[in-house]
Amino acid sequence: MQRISLLDRRPTPLTRRDTGRTFPAAANYPIVVRELPMPMVGEKAQRSLTLTEHHVRTFAELTGDYNPLHFDADFASRTRFGGLVVQGGLTTGLLHALVAMDMPGPGSVFLSQQWKFTAPVYIDDTITAQAEVVSVHETKPVTQLRIVVTRQTGETVLEGEAWCYTMKPVDTKTAAHS
């Protein structure tokens, strides 16, 4: 199957199905729609990001995680980390993007995750999230991934596995005629 990509910048309001609440569209937010086949065992994907002080502050504003390990250089320097570290959610957030956008791809969500942090990620580290397909369910859009996140030095900072489910939208034109 051919991989197709479409970049659509038309603002579209979002409506929650459960409450009917409508949220305004973000006019400059690119919406990426791709039709991808299910990945095959052995396929790999990766995505990299340099995590900055701005990311740490934004994550704290969104979540309330103002742990001194992320903001108090004196405190952090006196811990086993030896300096400021980013929130773990920033590291795992890159995995969410990898699964949702790269592999398995759009429409994919985590069913489960099992991973461990093996080293801290420091502010201004560049991390690379890598996923490898370990198994694909024969009759369901379910994929098992081996997960590794490394920093720019090659040191592993997170490792584990994840199970993903890939949802495909229903063709409303075909469904209406059924």
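Is Asp125 buried or exposed, and what is its relative accessible area? Asp125 is buried, at a relative accessible area of 7%, because the cut-off for a buried residue is under 20%. The legends below refer to a predicted model.

**View 1. Overall chain of the predicted model.** The chain holds 5 helices and 9 strands. Read from the N terminus, the elements follow the order β-β-β-β-β-α-α-α-α-β-β-β-β-α. Of the 178 residues in the chain, 28% are buried. Among contacts with a separation of 6 or more, 62% are between residues 24 or more positions apart. The exposed surface of the chain comes to about 11500 Å², and carbon and sulfur atoms supply 55% of this area.

**View 2. Surroundings of Asp125 in the loop between strand 6 and strand 7.** Strand 6 covers residues 108–117, and strand 7 covers residues 126–136. Beyond its neighbours within four places in sequence, Asp125 is in contact with Leu49, Thr50, Leu51, Pro120, Arg151 and Gln152. One of these residues, Leu49, lies 76 residues from Asp125 along the chain, with 8.3 Å between the two C-alpha atoms. Gln152 is joined to Asp125 by a polar contact between the two side chains, at 3.0 Å.

**View 3. The largest nonpolar core, with 25 residues.** Leu95, Leu145, Ile147 and Val149 are the members that touch the most other members. Two or more residues of this core come from each of helix 1 (53–63), helix 4 (88–102), strand 7 (126–136), strand 8 (142–151) and strand 9 (156–166). Helix 4 gives the largest share, 5 residues. In soluble globular proteins, nonpolar side chains tend to be buried together.

**View 4. Contacts of the core residue Leu95.** Neighbours of Leu95 within four places in sequence are left aside here. The remaining contacts of Leu95 are with Phe110, Trp115, Ala129, Ile147, Val149 and Leu158. Ile147 and Val149, like Leu95, are among the core members that touch the most others.

**View 5. The N-terminal stretch, residues 1–11, and model confidence.** Averaged over the chain, the pLDDT is 83, and 75% of the residues reach 70 or more. Across residues 1–11 the pLDDT is below 50. Beyond near neighbours in sequence, this stretch has 26 contacts in the model. Where pLDDT is low, the predicted coordinates should not be read in detail.

Notes: Residues numbered from 1 in each chain as written. Predicted model: local features only at pLDDT ≥ 70, side-chain atom pairs only at ≥ 80, totals over all residues. Heavy atoms only, no water. Core = buried A, V, L, I, M, F, W, Y, C linked by side-chain atoms within 4.5 Å. Buried < 20%, exposed > 50% of the residue type's maximum accessible area, 1.4 Å probe, protein only. Helix = DSSP H or I, 4+ residues; strand = E, 2+ residues; numbered from the N terminus. Contact = heavy atoms within 4.5 Å. pLDDT = per-residue confidence, 0-100. Polar contact = N/O pair within 3.5 Å; in protein donor to acceptor, adjacent residues only side chain to side chain. Areas by Shrake-Rupley, 256 points an atom, 1.4 Å probe, with all protein chains shown as cover.
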